Protein chains: 2
Amino acid sequence: MTTGEIDESFGGVTPDAARRLLLGAVRAFAERGFHATTTRDIAGRAGMSPAALYIHYKTKEELLFHISRVGHERSVAVLEESVAGTAGAADSAERLARAVRAFVRWHAEHHTTARVVQYELAALGEEHYAQIVVLRRRSEEILRGVLEEGVAAGEFDISDIRGTALAVMSLCIDVARWFSPEGRRTPEEIGELYADLALRMAGHRTAGLPA
Amino acid sequence: MTTGEIDESFGGVTPDAARRLLLGAVRAFAERGFHATTTRDIAGRAGMSPAALYIHYKTKEELLFHISRVGHERSVAVLEESVAGTAGAADSAERLARAVRAFVRWHAEHHTTARVVQYELAALGEEHYAQIVVLRRRSEEILRGVLEEGVAAGEFDISDIRGTALAVMSLCIDVARWFSPEGRRTPEEIGELYADLALRMAGHRTAGLPA
DNA sequence: CTGTGCACTGAGCGGCTGCTTAGCCCCTGG
DNA sequence: CCAGGGGCTAAGCAGCCGCTCAGTGCACAG
């Protein structure tokens with residue numbers, strides 16, 4: 001097993017020891033859950049003693065918060081970049097397809113980080129949770145915006161825009177739960193399939209036809 | 001907060017003390033996760049001492065297994081009943097809509113149980129997990145069967161049946177993650193919306209038109 | 001060379017963990 | 001009326017928890 005999947009998101013974290021602790025915590029939280037992970041386990045994975053953890057992070061919860069914040073920032077950035085510079089453009093279908101493709105690929109490729117990000121929210125402290133919710137709202141708004149523009153342009157046929165946006169979001173997020181690198185599909189293939197499914201959900205007229 | 005949501009699924013469990021322990025465990029596992037839940041917490045919710053737990057269940061893991069088994073059996077039964085007696089019938093679209101409506105409603109109405117059922121699988125012992133996987137495969141097969149019949153009958157337009165079935169399944173399951181009784185939608189409304197979305201994903205021709 | 005600062009460790013604190021055991025209470029059968 | 005037995009509890013076992021602190025070793029400034 002490589003750690004390449006995770007390095008990418010946390011490559012900018014310094015010093016080196018702080019990053020190693022973060023990487024160890026991501027794997028441990030994803031495997032066992034936050035509450036069931038011990039500081040001894042995290043420190044062990046980083047090749048350090050338990051006490052070293054508290055030089056870089058005040059508590060175990062702060063470690064989770066850092067993971068959650070960086071993870072959310074990355075996934076929102078991925079979503080933002082996928083539709084950047086195309087706002088107001090004619091082709092809403094292409095924008096939606098790009099957004100879903102990118103968001104799904106991130107959740108598949110970074111499924112370990114994504115699992116912590118999406119399923120350990122309840123373990124965050126109240127104040128930290130409030131900060132994360134702001135980031136989550138951003139990604140909802142981006143997706144809803146694409147759907148709204150498509151409906152306004154007559155490209156999409158949606159009766160419940162908010163509900164459909166949440167459903168598409170939910171579909172993408174759940175990839176992190178079931179995706180496995182040993183599975184029969186690559187992140188790219190899933191992204192492609194899901195982009196098509198999202199277009200269908202949005203009532204795009206030519207959805208599903210061969211390119 | 002009432003316990004009505006949970007009683008329904010575990011009403012048949014006897015004796016009374018065993019059921020009360022099961023109900024306490026469901027709530028505790030849903031709130032904190034299996035590994036982070038203590039036997040003292042479970043017993044406390046059932047109004048008993050920690051030792052009483054071990055009269056009715058061998059270990060904490062066996063308690064999780066019982067919840068997981070009953071929960072899976074119920075959700076598979078709901079899915080089965082929703083399409084019962086309609087196999088081979090002309091209207092595949094109606095079958096798919098009924099299946100998704102029922103499966104989504106179960107995950108919303110029983111979101112506490114569903115959360116444990118869907119998100120604590122990894123905490124099961126190897127042997128118990130193997131038994132649960134059999135039940136999970138059943139629900140996948142039911143949904144895939146409906147899609148296959150619809151494609152064969154020319155009602156649906158799907159290029160990747162297995163992938164689409166998994167996506168619809170995933171969409172329904174994820175309801176358990178985000179659903180809240182305090183939210184703006186009822187389980188019935190979500191079921192209705194999702195039934196329409198599933199028809200669109202299946203490429204049903206008249207999907208989305210008013211009834 | 002010495003002095004300072006800091007990442008890091010070993011040992012350990014009070015408290016909690018899953019689970020066990022010895023014994024009590026009360027319902028039932030005769 | 002008493003004997004038997006099962007549901008239940010109080011107490012406790014060995015071990016682990018998050019976190020702290022005094023002290024160690026090393027890099028670097030003067």
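1. At the start of H6(A), a side-chain oxygen of A:Asp91 comes to within 3.4 Å of the backbone nitrogen of A:Ala93. A polar contact here is a pair of N or O atoms within 3.5 Å; within protein, one must be able to donate a hydrogen and the other to accept it, and residues adjacent in sequence count only if both atoms are side-chain atoms. This is a predicted model: local features need pLDDT of at least 70, side-chain atom pairs count only at pLDDT 80 or more, and totals for chains, interfaces and linings use all residues. Side-chain values use heavy atoms, without hydrogens and water, residues are numbered from 1 along each chain as its sequence is written, and chains are lettered from A and ligands numbered from 1 in the order in which they are written.

2. Helix H6 of chain A covers residues 92–109, 18 in number. Helices are DSSP runs (H or I, at least four residues), numbered from the N terminus. First C-alpha to last, H6 reaches 26 Å, close to the 26 Å expected (1.5 Å times one less than its number of residues). Of its 18 residues, 13 are buried, so H6(A) is largely enclosed by the rest of the structure. Buried means under 20% relative accessible area, exposed over 50%, partly exposed in between (1.4 Å probe, protein chains only).

3. A:Gly11 sits in the loop between helix H1 (4–10) and helix H2 (16–32) of chain A. A:Gly11 is partly exposed, at 43% relative accessible area. A:Ala130 is 119 residues from A:Gly11 in sequence, and 25 Å away in space, C-alpha to C-alpha.

4. Now the two copies. A turn of 180 degrees and a shift of 0.0 Å along the axis lay chain B on chain A with an RMSD of 0.0 Å. The copies are thus related as by a two-fold rotation axis. The fit is by least squares on the C-alpha atoms of residues with pLDDT of at least 70 in both. The same surface serves both copies: 100% of the contact residues of chain B recur in chain A (contact: heavy atoms within 4.5 Å).

5. Around DNA strand D there are 16 residues (near: a heavy atom within 4 Å). A:Thr37, A:Thr38, A:Thr39, A:Tyr54 and B:Ser49 come nearest. Sugar and phosphate make up 53% of the strand D atoms within 4 Å of the protein.

6. Polar contacts to DNA strand D involve both chains. A side-chain N or O atom of A:Arg40 is 2.9 Å from a base nitrogen. A phosphate oxygen is 2.8 Å from a side-chain N or O atom of A:Tyr54. A backbone N or O atom of B:Ser49 lies 2.8 Å from a phosphate oxygen. Helix H3 (39–45) of chain A and helix H4 (53–56) of chain B each give two or more residues to this surface.
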